[in-house]
Amino acid sequence: MASLLVKQLDTLITCDGADRIERDVDLYCEDGFLRAIGPDLPQQADTVLDGRHLWCYPGLVNTHHHLYQVFSRNLPQVQNMELFDWLTTLYEIWKNLDERVVRLSSLTGMGELLKHGCTTCFDHHYVFPAGSGDLLGAQFAAAEELGIRMFASRGSMDLSRKDGGLPPDSVVQTVDEIMADSIRAIEAWHDPAPGSMRQVALAPCSPFSVSPELLRQSALLARQYGVRLHTHLCETLDEERYMLSHHGVRPLEFMASLGWTGPDVWYAHGIHFNDEELRELSRTGTGVAHCPISNMKLSSGVARIPEMLALEIPVGLAVDGSASNDGSSLLEELRVCYLLHRLHSSAAAPSGYQVLKLATAGGARLLGRPDLGSLEVGKCADFFLVDSRRLELAGCEGSPADVLGTVGLRGPVDYTVVHGRIVVRDGRLVTVEEERLAQEARTVCRNYSQRG
């Protein structure tokens with residue numbers, strides 16, 4: 001059994017239910033789990049790290065991403081577009097996805113996540129061009145190569161432009177095709193055991209690109225197999241107007257009528273919920289993945305996070321797709337989240353530490369992973385370490401629990417550990433050669449983006 005011991009940690013921020021902060025303690029990991037926390041532990045280990053001067057945080061949990069978008073970021077033609085025009089333009093690039101593009105974009109995006117303290121990535125993949133190969137298999141292979149914990153989705157779309165949707169015909173499928181492949185994906189990849197490195201959710205894209213029947217069948221199938229449900233909802237006012245004109249109801253009422261509320265459901269964005277809808281989310285335990293940078297870039301609005309937290313709605317943090325964020329750093333998202341809500345809500349905004357908990361325990365709750373999100377004996381050994389002696393952290397010693405939100409962290413973390421294994425050391429990925437990966441990614445990205 002592999003073991004890891006971190007000796008004499010300066011500060012351990014647990015993010016547990018009691019908000020414990022420990023000082024001058026050791027952390028012992030064995031076989032992927034935290035086995036002991038305390039001063040002067042007697043255990044010996046295969047690998048020992050000197051924790052003096054290190055601040056230790058639970059691994060960040062990313063609750064919504066589109067890794068395939070890594071190869072369509074920073075494009076001048078979409079920089080000032082809002083969601084519907086942005087999607088319509090980019091689908092002309094995304095229709096050319098294949099296994100190699102998805103593998104390399106996943107390696108690139110998840111590599112950046114790891115370097116910035118994220119240990120679990122949920123990816124919402126819903127573009128499956130005909131003949132593109134095993135895209136989820138390519139993602140899981142990339143995750144295994146990097147050593148990150150991967151939660152993939154069998155996303156879907158069945159409404160193309162001819163049906164009143166946004167995507168081209170080549171990237172939509174029939175409900176029967178989607179259901180058959182959803183079963184295949186769950187049976188091939190979903191591991192529900194504690195400590196699992198790979199899981200699957202069912203995730204139709206959005207209520208304006210899928211049919212009611214696809215949403216209904218996805219909910220039934222997910223509950224048959226005991227997997228979670230995810231989609232975009234209430235992201236823009238355009239979406240709200242679309243739902244009112246096409247279905248005569250607001251988005252949440254539409255989704256609820258199809259079985260899409262409950263503690264096994266979480267929505268990306270959730271910007272435009274009204275007061276009554278927030279109360280319904282609270283009553284049903286339905287969650288929200290908050291994507292502040294994407295919401296800002298696409299001019300979608302500001303989610304009502306302080307009100308959600310007051311109502312005890314499950315909330316996690318997410319980077320969203322790289323084409324609407326242009327990066328994959330949940331640490332950057334954390335600080336922007338803190339600053340955005342300070343600007344928008346003043347004293348009602350969450351503190352730096354509360355935002356950290358959204359990115360850790362909150363994300364774990366959304367994904368249904370009680371084994372993640374905090375540093376407690378018996379939970380997964382997922383954490384990251386930051387050297388408090390960095391120049392940019394001088395003067396920040398007053399509250400290591402708040403600092404990632406209030407001050408932020410420039411550059412990568414010092415160590416990232418996933419399931420007891422060091423996967424980032426001294427700010428560099430351990431399991432891949434970064435320069436070679438970057439060169440291959442640039443070449444494939446260039447060829448992909450130039451296809452007709």
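Q: Which residues form one aromatic cluster with Tyr68?
A: This is a predicted model, where local features need pLDDT of at least 70, side-chain atom pairs count only at pLDDT 80 or more, and totals for chains, interfaces and linings use all residues. Residues are numbered from 1 along each chain as its sequence is written, and side-chain values use heavy atoms, with hydrogens and water left out. Rings of Phe, Tyr and Trp (its six-membered ring) pair if their centres lie within 6.5 Å. The cluster joins Tyr68 to Trp86, Tyr91, Trp94 and Tyr126.

Q: What kind of aromatic pair do Tyr68 and Trp94 form?
A: Planes under 30 degrees apart count as stacked, over 60 as edge-to-face and the rest as tilted. Here the centres sit 5.0 Å apart with 90 degrees between the planes, so Tyr68 and Trp94 are edge-to-face.

Q: Are Tyr91 and Trp94 buried or exposed?
A: Buried means under 20% relative accessible area, exposed over 50%, partly exposed in between (1.4 Å probe, protein chains only). Tyr91 and Trp94 both lie in helix H1, three residues apart, and both are buried.

Q: Why is H2 oblique to H14?
A: Axes are lines fitted to C-alpha atoms, for helices over the stretch in contact, and angles run from 0 to 180 degrees between N-to-C directions. Angles under 35 degrees count as roughly parallel, over 145 as roughly antiparallel, 65 to 115 as roughly perpendicular and the rest as oblique. The axes of H2 (residues 99-115) and H14 (residues 434-449) come within 10 Å and cross at roughly 135 degrees. That angle makes the pair oblique.

Methods. Helix = DSSP H or I, 4+ residues; strand = E, 2+ residues; numbered from the N terminus.
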